[in-house]
Amino acid sequence: MTLIKAFILTILLTGYCAYAQTRLTVAQGGEGMFTTISSALEAAGPGYVIEILDNAVYEEQVTIDSTLNGLTLTSSNPTSSSRPVIMWQDTENVHPKNATEAQDTAIINYDRNGALRVLRARNVTIDGIIVDGGGAMPFGYDNVWQDIESTHPLFHGNAAICLWRSGNVVIRNSDVRNAFYGIAVNDRNAGGIFGNPNPSSPPLIIPGQNFGQTGNHLIEHNHIHGNSWGIYMESVWDLGSTIRFNFIYDNYHQSPDIVSEVLSLDDGEHNPGGAINTKDHNISPLAIYNNTFHNNYLTFGGHWRAGAQHLVFNNIYSSPKYLWADGYNGEFTNPWHTMDPLYPHRMKHSIYAAQASDPVLDERSISVPSVCRMSGEQQIEGYTQVHLMAGIDSGAVQRGAVVTIECDDGSEVEVVTNDFIAPGALIDAPEGEAFPASATIRWFEIQNQFLNTDDPTHPNFLMPDWDHPLVDSIVKNAGWSEAGMVKGNGSIVDIGAAQSAPVPTVFGRITPVSSVFINNNNIANLVFDLAIPPDFSNPRIRYLRFLRDVEYGVDSFGNSAPVIAATSIEDITPPSTTLRNGANSIDVSVEGFMGFYGFFEMVIEGEGPDGQTVTTDVGFLPYIQNDYLFNVKIVDMDGDVLDTVIAGERVGLRLAPMRPGEVGFTETLTDVNVQLNSGNTLYSWPDEGEEPTDPLEITQITDSIQTEVVFTRVPRGGSEYISAMAVWMDEGRLIPFFGSTNVVVVPGAAENVVFEDPPSTNISDEAPIIDPGSARQVQLRVFDRFGNAVNVEVPVTIESLDPEIGDISGPVTTTTDPTGAAFFNAEVTNGTMNDIFTLRATLEANGATDEGRLRIGRYTSVTRKPGSFPPAENFIASPLNPQTPAVTKPEFAVAPNPVNRNESISFYTRRLNYTSAAFSIYDASGNLVKETKARRYNNELPLAEWTSSLTYDLVGRNGRPLAPGSYMVIAVFTTEQGESVRFRETFGVVR
């Protein structure tokens, strides 16, 4: 255990706020609180935000585990093309290597292989990070998995991002590359709603026993490229997930050596590479929409027990890296793992380029129409064959191209002929073989109409040419309207990830709270959490369908997966029930045979801040045939049902198992599993005066039970869902019981005040910079004893312990805002550079205190005026002030140019002998505006004095003057010994 973790454990046990520091910063150059991501994670707790300030390459494996539920890992500018890089090739998590190791669960770790790993954690967000797997590394071993009849090999590979048995993970605005699996998801929840045994599973798997603990991920607005497989989903046994608005490209085996290595491994022949691959994933659905797939090998690959239950719409599928008829120089030709044709009733409004072989151009003799007043025929060139893929050949693509014939008098006439197939033609295969015309799937070699296919950082990368007639007619505003996804201007979204107009950034998410219960009258009860921001108003159901009797393909493999029949899909008229942010319960009527497995899919729409239509992503509510349930209630000590509880207060949990028809169940149930869907812990009420430390355990229930419990953590959004699961053995048949309820958890009384910026001295020794001459905001937060930020006004006072160095400017007492935050302003008084002063905050309610420190920095602002600088802005207000004390380590500064006095600044160093330097200047949005280099010509200058490195005119790469605002320069110097010295400074431009 590290010292930081030990300290956090100590403050947990003493009632101190373990989750106080909500924002930690990382930068390799020391500008942040930590210089590595891993060290920041060591200091973090649930709900923290870790922000990486620079764009450095972090060569470290990053792991987010269950102690960090709710954590966000982000960069300073997530939507910029310049972002920090996590680079790691995981060569350690590659076991088991044989059948003996496979018997020891402590050794099995192949499915936790990754550069950035999320392990058993919930509500984690990865935003604006480049994750590099360090190169594709497939691995595998024969005779690893054993069942009664045979043994099976293990085949896997390294991942850039690994999601392992986690829930509600968001990956957005990120670049995921250079691994065997870009994103590898393993949602193997043995008690998931769709949990099923396989040859290597434990003998007893009870579907629903641990409902909702994995899945419900959101993968959006990413670039996923340069991997063997872009996304790999394995053992997805619980909630559905969404993959949308991603650019997924260049995913194939990147070299002949990788092809050979894959084929040399057992089971490697089933891994041809491509965009998305699924294995042991045939009931839980994915929503895959508005993605652009380009230059992959396969698009949808299937392995063992892969299913075709997913909802797929509004996607672009351009040409593959290698045509399937050719493969990788003859390897993996015509792969039977492709699942694209298996979505005849589940894929909508998408565009396919030919995957199997090039479309055939040929000439045909076309009769000259009589309007030309001439007879005979003309030779016209057009597409005569389009072999998209197995099951979708030329016979499945509608014919009827319009060709132009030139008459003798020079006039032209358009003629419709069935001899040719026109780009944009509908795919209309016979029923059950591929896509019906109503699916609106078209053939179009759209890769020829992308504005840019070479530079992923270019704003037009994989952007369709909206002015092209076919793009305008079959791509623009051509999304599937039933789902209700729209752009900000109110028009239906375009097909693909790139859009001709911005899409709303306001959206919500749907999370199922329990499995759907359908009574004997075919009334289905849908219970879900709706998470929408404050500017999402008037929520209502836009789209609702029920997929009944989803088949469990026990022996399916690749393209043999069962197809969802049209008769299995029921459109549901949405009820007029008023929806709200948080818990919702609605009843709908369904018809016909339900089957054992199924799910509802739903989209909710509302109004955004400007009145435009906004939506959630697609939410999936699972159904499994079951008539036995738990009645779950949270009550006060008098037995009255509660809808709100206070963290730390004693309440009651009432459980009553019910038979079909809501008749009381009087048999004894053992090992009842009660869990909180947030991932937090529900504790048994402790002895008087003690802190809650024992998680709730219920060994048995007969008839009903009420036990005293305590909630300690406020979940994200405030609503906590309590689920109860158990199983009863009835004459050899396992009967699961499910039940859930929700309650709002609010913070307890204020107990602790903690510095966030600057960081608490209990969390970090770092003292962030405060520049002389300007105020710096100081942020505190007040928490209850469990680390929940208070949501009421609480008085806080602050003081400087070193007022002769720095002090508080303005009020020294204030109250917290609804998030528990309090803000003050600090300023330098008489301190000089590198002096440190300490601030102390006091919580008036109980006298609790905390301290943070600030360090005085340099004058780095540049105030620009037309013409020349006023005299006061020369040496006196710059780092060149002769009063600056001598230094013993290299320093770098930005200041006005005191000599030329024109629109320029100068870069200065001291105590640094260097041979060359490179300067990169970024604007406040992280965009690179200038790169320049300098070389040291005079090494005789005294190192103790400031020496000009370069004078730079205030113009950008476009030759125009820099706009007013804040800028940052990153300077990298190469010393005479060949070492690199790196600095980062900010300056401002005011005109």
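A residue is called buried when its relative accessible area is under 20%. Cys162, with a relative accessible area of 1%, is therefore buried. The legends below use the word in this sense, and the structure they describe is a predicted model.

**Figure 1. Overview of the predicted protein chain.** The chain contains five helices and 69 strands. Of its 991 residues, 58% are buried. The exposed surface of the chain amounts to about 39,400 Å², and 46% of that area is supplied by carbon and sulfur atoms. Among contacts between residues at least 6 apart in sequence, 70% join residues that are at least 24 apart.

**Figure 2. The disulfide of Cys372 and Cys407.** One disulfide is present in the structure. A disulfide is a covalent bond between the sulfur atoms of two cysteines. Here the partners are Cys372 and Cys407, whose sulfur atoms lie 1.8 Å apart. The link is left-handed, with -50 degrees about the S-S bond. The pair connects distant parts of the chain, the two cysteines being 35 residues apart. Cys372 belongs to the loop between strand S29 (360-367) and strand S30 (377-385), while Cys407 belongs to the loop between strand S31 (401-406) and strand S32 (412-417). Cys372 has a relative accessible area of 7% and is therefore buried. Cys407, at 5%, is likewise buried.

**Figure 3. The parallel sheet that begins with strand S1.** Ten strands make up this open sheet, in the order S1-S2-S5-S8-S13-S16-S19-S22-S25-S27, and their pairing is parallel. Strand S1 (23-26) and strand S27 (347-348) are the edge strands, each of which pairs on one side only. S1 is joined to strand S2 (residues 49-52) by four bridges, in the parallel sense. Within this pair of strands, Thr25 of S1 faces Glu51 of S2, the two standing opposite each other.

**Figure 4. Leu24 and the nonpolar cores.** The largest nonpolar core has 94 residues, and the members that touch the most others are Leu24, Leu73, Phe300, Leu388 and Phe435. A second core, separate from it, has 29 residues and includes Leu669, Ile722, Val745 and Phe786. In soluble globular proteins, nonpolar side chains tend to be buried together. The close-up is centred on Leu24. Leaving aside residues up to four places away in sequence, Leu24 touches Met33, Phe34, Ala40, Ala43, Ala44, Tyr48, Val49, Ile50, Glu51 and Ile763.

**Figure 5. Strand S43 and its partner S41.** Strand S43 (residues 619-624) is mostly covered, with six of its six residues buried. In a regular strand the side chains alternate between the two faces of the sheet. In S43, Gly619, Leu621 and Tyr623 point one way, whereas Phe620, Pro622 and Ile624 point the other way, and all are buried. Strand S41 (residues 597-607) runs antiparallel to S43, and six bridges join the two. Opposite Gly619 in S43 stands Met602.

**Figure 6. The mixed sheet from S55 to S59.** In this open sheet of five strands, the order is S55-S62-S61-S57-S59 and the pairing is mixed. Its edge strands, strand S55 (769-770) and strand S59 (813-815), each pair on one side only. Strand S57 (residues 795-800) and strand S61 (residues 836-843) run antiparallel and are joined by five bridges. Glu799 stands opposite Arg840 in S61.

**Figure 7. Ser760 and its polar contact.** Ser760 is found in the loop between strand S54 (752-757) and S55. Its relative accessible area is 1%, so Ser760 is buried. The side chain of Ser760 makes a polar contact of 3.0 Å with the side chain of Asp850.

**Figure 8. Asn521, an exposed loop residue.** Asn521 lies between strand S36 (517-518) and strand S37 (523-531), in the loop that joins them. A residue counts as exposed when its relative accessible area is over 50%. Asn521 has a value of 62% and is therefore exposed. Ser589 is 68 residues away from Asn521 along the chain, and the C-alpha atoms of the two are separated by 8.4 Å.

Definitions and conventions. Residues are numbered from 1 along each chain as its sequence is written. This is a predicted model: local features need pLDDT of at least 70, side-chain atom pairs count only at pLDDT 80 or more; totals for chains, interfaces and linings use all residues. Side-chain values use heavy atoms; hydrogens and water are left out. A disulfide is a pair of cysteine sulfur atoms within 2.5 Å. Buried means under 20% relative accessible area, exposed over 50%, partly exposed in between (1.4 Å probe, protein chains only). Two strands pair if DSSP finds at least two bridges between them. Contact means heavy atoms within 4.5 Å. Accessible areas come from the Shrake-Rupley method with a 1.4 Å probe; for residues, only the protein chains shown count as cover. A polar contact is a pair of N or O atoms within 3.5 Å; within protein, one must be able to donate a hydrogen and the other to accept it, and residues adjacent in sequence count only if both atoms are side-chain atoms. A nonpolar core is a set of buried Ala, Val, Leu, Ile, Met, Phe, Trp, Tyr and Cys residues joined through side-chain atoms within 4.5 Å.
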